[in-house]
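Student: I have a protein model open and I'd like to work through it. Can we go step by step?

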Amino acid sequence: MNVTQISVFVENKTGRLSAVTGALAGAGIDIRAVSISDTTEFGILRMIVNEPDRACEVLRANNFTISVTEVIAAEIDDRPGALNSAIGQLCGANISVEYIYAFLNPLDGKAAVLFKVDDNRLAVKVLTENGVTLLDDSRIRSL
């Protein structure tokens, strides 16, 4: 139940983010979820896209440095406390959460929360045993 995430290392210079998104747009690749974190010299753009293999090819062909990581996507109710409950389940199993980001699906009142954890296999087990619906690549791409 893992989802493919692409991370792109982007210099903090005017136009670099536009170059990444432009390369993907030019190839007809849809960004489904995105997060960016930065330092003074570079940023890390993390994305879930509809065609991860092709996106990697396009980005590498445009000389971007990328890495591919498997993350977990959980469907969380869009209500107070729902995210805290999922994080609490992971914490209770001693699973370290490295980072998260999310996007809402306004049609069904749910959020897709992407988790980067230190043990995907255990996190999947803990979350599913506690009734959390996990989403795979194909489901994320269809949202």
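Tutor: Let's go through strands, a pocket, a loop residue and some salt bridges. This is a predicted model, where local features need pLDDT of at least 70, side-chain atom pairs count only at pLDDT 80 or more, and totals for chains, interfaces and linings use all residues. Residues are numbered from 1 along each chain as its sequence is written, and side-chain values use heavy atoms, with hydrogens and water left out.

Student: How many bridges join strand β2 to strand β3?

Tutor: Helices (H or I, at least four residues) and strands (E, at least two) are DSSP runs, numbered from the N terminus. Two strands pair if DSSP finds at least two bridges between them. Here β2 covers residues 31-38, β3 covers residues 42-49, and they run antiparallel, joined by 7 bridges.

Student: Which residue in β3 does Ser37 stand opposite?

Tutor: Start with the connection: a hairpin of 3 residues leads from β2 to β3. Across from Ser37, in β3, you'll find Ile44.

Student: Which element gives the most to the lining of the largest pocket?

Tutor: A pocket is an open set of points on a 1 Å grid over the protein atoms alone, where a 1.4 Å probe fits, with protein on both sides within 12 Å along at least five of seven lines; lining residues have an atom within 4 Å of a point. The lining includes Glu75, Asp77, Arg79 and Ser85. Two or more lining residues come from each of β4 (65-77) and α3 (82-92). The top contributor, with 4 residues, is α3.

Student: Is Asn94 buried or exposed?

Tutor: Look in the loop between α3 and β5 (97-105) to find Asn94. Buried means under 20% relative accessible area, exposed over 50%, and partly exposed in between (1.4 Å probe, protein chains only). Because its relative accessibility is 70%, Asn94 counts as exposed.

Student: How far apart are the closest N and O atoms of Arg79 and Asp77?

Tutor: Side chains of opposite charge can pair when their charged atoms come close. A salt bridge is a side-chain nitrogen of Lys or Arg within 4 Å of a carboxyl oxygen of Asp or Glu. Arg79 is partly exposed at 47%, and Asp77 is partly exposed at 33%. They form a salt bridge, and their closest N and O atoms are separated by 3.7 Å.

Student: Which residues do salt bridges that share partners join into one network?

Tutor: One pair to find is Arg16 and Glu11, whose closest N and O atoms are 3.8 Å apart. Shared partners link the network's members: Glu11, Lys13 and Arg16.
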